[in-house]
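Visitor: Please walk me through this structure. I would like to go by salt bridges, surface patches and burial.

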Amino acid sequence: MNRKPVLAMLACTALSSPAFAQDAVDESAQSDDAIVVTAARTILPPSALPLTIDLIDKEALDQQIAISGSVTDAVSNLTPSFSPTRQKLSGAGETLRGRSPLYAINGIPQSTPLRDGSRDGFTIDGFFVDRVELIYGSNALQGIGGTGGIVNQVTAGAPKAQGLSGRVLLQGTADDGFSKAGLGGKAAGLIQYKAGRFDASVGAAYEDRGIFFDGEGRPIGINLTQGETMDSKAVSLFGRFGYDLSSTARVDLILSRFDLDSNGDYVPVIGNRLTGLPTSAERGDPPLSPAANLAESAALSLTDTNLWGGNFVSQLFVSRTRDTFGADLIPQPSQQDPDIAPLGSLFDQTENRSRKIGAKLSYERAIPGFEALTATIGFDALIDRTEQRLIATDRTYVPPTDFRSLAPFGQLNLKLAGGLIRLAGGARWENIQIKIGDYHSIASTTFVACPAPPAVPTTPCGPSTYGGVDVSGGKPKFDDVLINGGVIVEPWDGIRAYASYAEGFTVPDVGRITRAIGIPGVDLDNFLDIAPIVSNNREVGVEVKRGPLDASATYFWSSSDKGQLLVQGTDRVFDVQRLRIELQGLELNLRVAMPIDGLKLGVGYARIQGKFDSDANRGAPDDIVDTDLDGVNISPDRVNLSATYAKGRVSALVQTQFFLSRSFHADPGKPEPDQRNNFGGYNITDATVRYDTGFGGVSLSVQNLFDKFYIDYSSDTRLPADNYAFFAGRGRTFTLGWDYRF
């Protein structure tokens, strides 16, 4: 079906009525304290949208960051359908509803999907984030990347009061044994100034992390290649400068720079999966340069909440990232080239380099004369250039790849029967071009062990060099209309049910695909493996937010005909396979205010199942899913329990996360997944308490309160023969902090 006329009709509907200055619908009249979910691209309240939306406010976010150290960990801790984090710099394999989420800062995408470095969760210090907006499920609201949902970090807003204000934070962190190597510290400050129509916010954060220890007091293993947050230093700079053009119009410039560098003081100590001994670390000098992460961005926005009776939002942004991956202790076969050095002697390391330039425009208003109908029209543009280089030998690992997206969109929201029923829907016309020039793929070497004499090898053995072929570049183009629609029924205030369908899209990890080409004669104009991934999300949900009760239940199911599956290849490298994937899941959340003033209890549950078409692995896809997705591609089922208390000067939190056991199987007659990757499950309890002294607040937070030893989910469900990738989770860790606002 040609969907382009659908978008045309939406645009005509939004533009056909004269734009007389009219009062917007009631929902658009936001009070000063109302929170607008900016990631949803509308000022309508979340209850008017057929989506599952969560907001993590500043207080809850700061509690979680004090416990675990990052925004990504905070989101994972509070979201049952988000996978447990790896507690590493790389978030590879971390998913929301079984798919990769889109990380954004003020709507600016942080991901590098053309060559996914999985560093998008570490691009700003959480001190500068005022709230996190979570939109669940595949959707195209923010463009490329939202196949699992959107994690939008909204940074510190403009100061409201005239004059000088701000906040500071001091923290110290120690392991359970208070060892010198495990000590860490953080200092952060934000100064804000408002004079008339002008305001400025400038801040800096510095964090020095020591080594992490597991529940048995053993240093946690170092992943030299992917990188670590432990044994590192991070500097985050933030600036926001604004000017009120009128009572409704405003211009803002937001600048951010985040730089995390590993200290490079440790090397891994091999573990043993058979005996349960995890990978550890010891003092040493790793080869070449340690892993690092650099992210810089600038965004200029112009907004007007009453432009011709509607809400206008525009944004121009540029961003740059450098994901530096470390070198392993031994030379990697996939990086060998006999023309440079003898096989098995060449050390190298890679670096992702990405630049983005983008623009976003949207205009939303009630249709004059028919105020029950709210229309939004907009246009997004994104240019992304990404490459991956072997920086020690200055070789191209992944050729420079240009991505260009042009996307007009339209949304409608119709209020019926005084708000009893709402109908919402829209479409986004994505026009994509991926451009890759001619290149020569990198040489690579594998080693096949030969039998000991006097045995005679029956198959070729020893080193085998492959790759290094000429590949014809191309400019493949794709376009598609991505639709969404839903219905909301709200019979009483605070009680609603909804059903929806939404499509999202992303591109596969093009870098993994292009660097793996070892067959001569490939023409990228006809190489279907780089076609975008279009995923859909269907869900039904019920929410009750009334009195002491805050509860929700959501069932979703999702599929993609040509999805992306990460499959372990040679040299511990995960390759991309394109095949059909189906997911389904249930999410339950309950939060109740207890009779004890200030006390709330919460429980959350998520069950996610996913399968793929394994016949595609053998070159005979039948589009029938028959094998469970493994731990690299899906999260475990989970139960979250929490108790919070806030009254007067005291606030406290205790939370326990139960990650439930999981086995991976296939339909009868299909090859069974590796049973060594089955997951045994574990649970972790955290706690934090804060007291307002009148001159700032003093807090004490404890991660893994009972000092439990466990192997993290990612390590337990991937690379079953790799004893260098058998990582334990972090043991009991204390964080003492002081924060002050002025």
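The turns below cover salt bridges, then surface patches, then buried sites.

Visitor: How many salt bridges does a search of the whole structure find?
Guide: This is a predicted model. The search covers the whole structure, and the count comes to 42 salt bridges.

Visitor: Which residue meets Arg97 in a salt bridge, and at what distance?
Guide: The two side chains join N to O. The pair links distant parts of the chain, 490 residues apart. Arg97 sits in the loop between H3 and strand S2 (102-105), its partner in strand S27 (residues 574-593). That partner is Glu587, at 2.9 Å.

Visitor: Are Arg97 and Glu587 buried or exposed?
Guide: Buried means under 20% relative accessible area. Arg97 has 3% relative accessibility, so Arg97 falls under that cut-off. Glu587 has 5%, so the class for Glu587 is also buried.

Visitor: Which strands does the salt bridge between Arg257 and Glu296 link?
Guide: The closest N and O atoms of Arg257 and Glu296 are 2.7 Å apart. The two residues lie 39 residues apart along the chain, in strand S10 and strand S13.

Visitor: What is the exposure class of Arg257 and of Glu296?
Guide: The class between 20% and 50% relative accessible area is partly exposed. Arg257 has 34%. Glu296 has 23%. Both values fall in that range, so Arg257 and Glu296 are each partly exposed.

Visitor: In the salt bridge of Asp394 with Arg389, which residue is buried?
Guide: The closest N and O atoms of this pair are 2.9 Å apart. Asp394 has a relative accessible area of 56%, so Asp394 is exposed. At 13%, the buried residue is Arg389.

Visitor: Which residues are linked with Lys194 in a network of salt bridges?
Guide: The network includes Arg240 and Arg250. It also takes in acidic residues. These are Asp199, Asp244 and Asp252.

Visitor: Which residues gather in the patch of negative charge on the surface?
Guide: One of them is Asp470, found in strand S22 (residues 470-471). Asp470 has a relative accessible area of 56%, over the 50% cut-off, so Asp470 counts as exposed. The patch is made by Asp438, Asp470, Asp523 and Asp525.

Visitor: What is the area of the nonpolar surface patch?
Guide: Its residues include Phe198, Val202, Tyr243 and Leu316. Strands S8 (198-209), S9 (232-244), S10 (249-262) and S13 (292-307) each supply at least two residues. The area is about 810 Å².

Visitor: Where is Asp509, and which backbone nitrogen does its side chain reach?
Guide: Asp509 lies in the loop between strand S24 (495-506) and helix H4 (510-515). At 4% relative accessibility, Asp509 is buried. Its side chain reaches a backbone nitrogen at 3.3 Å, that of Asp116.

Visitor: Why is helix H3 described as largely enclosed, and how many of its residues are buried?
Guide: Helix H3 spans residues 71-78. The buried residues include Val71, Asp73, Ala74 and Asn77. Helix H3 is largely enclosed by the rest of the structure because the buried count is 7 of the 8 residues.

Visitor: What distance separates the C-alpha atoms of Thr350 and Arg99?
Guide: Thr350 is found in strand S15 (residues 350-367). Thr350 counts as buried, at 7% relative accessibility. Thr350 and Arg99 are 251 residues apart along the chain, and their C-alpha atoms are separated by 25 Å.

Note on methods. Residues are numbered from 1 along each chain as its sequence is written. This is a predicted model: local features need pLDDT of at least 70, side-chain atom pairs count only at pLDDT 80 or more; totals for chains, interfaces and linings use all residues. Side-chain values use heavy atoms; hydrogens and water are left out. Patches are made of residues with over 30% relative accessible area and no salt bridge: like charges are joined within 9 Å, nonpolar side chains (Val, Leu, Ile, Met, Phe, Trp, Tyr) within 5 Å. Accessible areas come from the Shrake-Rupley method with a 1.4 Å probe; for residues, only the protein chains shown count as cover. A salt bridge is a side-chain nitrogen of Lys or Arg within 4 Å of a carboxyl oxygen of Asp or Glu. The place of a charge is taken as NZ of Lys, CZ of Arg, CG of Asp or CD of Glu. Helices (H or I, at least four residues) and strands (E, at least two) are DSSP runs, numbered from the N terminus. Buried means under 20% relative accessible area, exposed over 50%, partly exposed in between (1.4 Å probe, protein chains only). A polar contact is a pair of N or O atoms within 3.5 Å; within protein, one must be able to donate a hydrogen and the other to accept it, and residues adjacent in sequence count only if both atoms are side-chain atoms.
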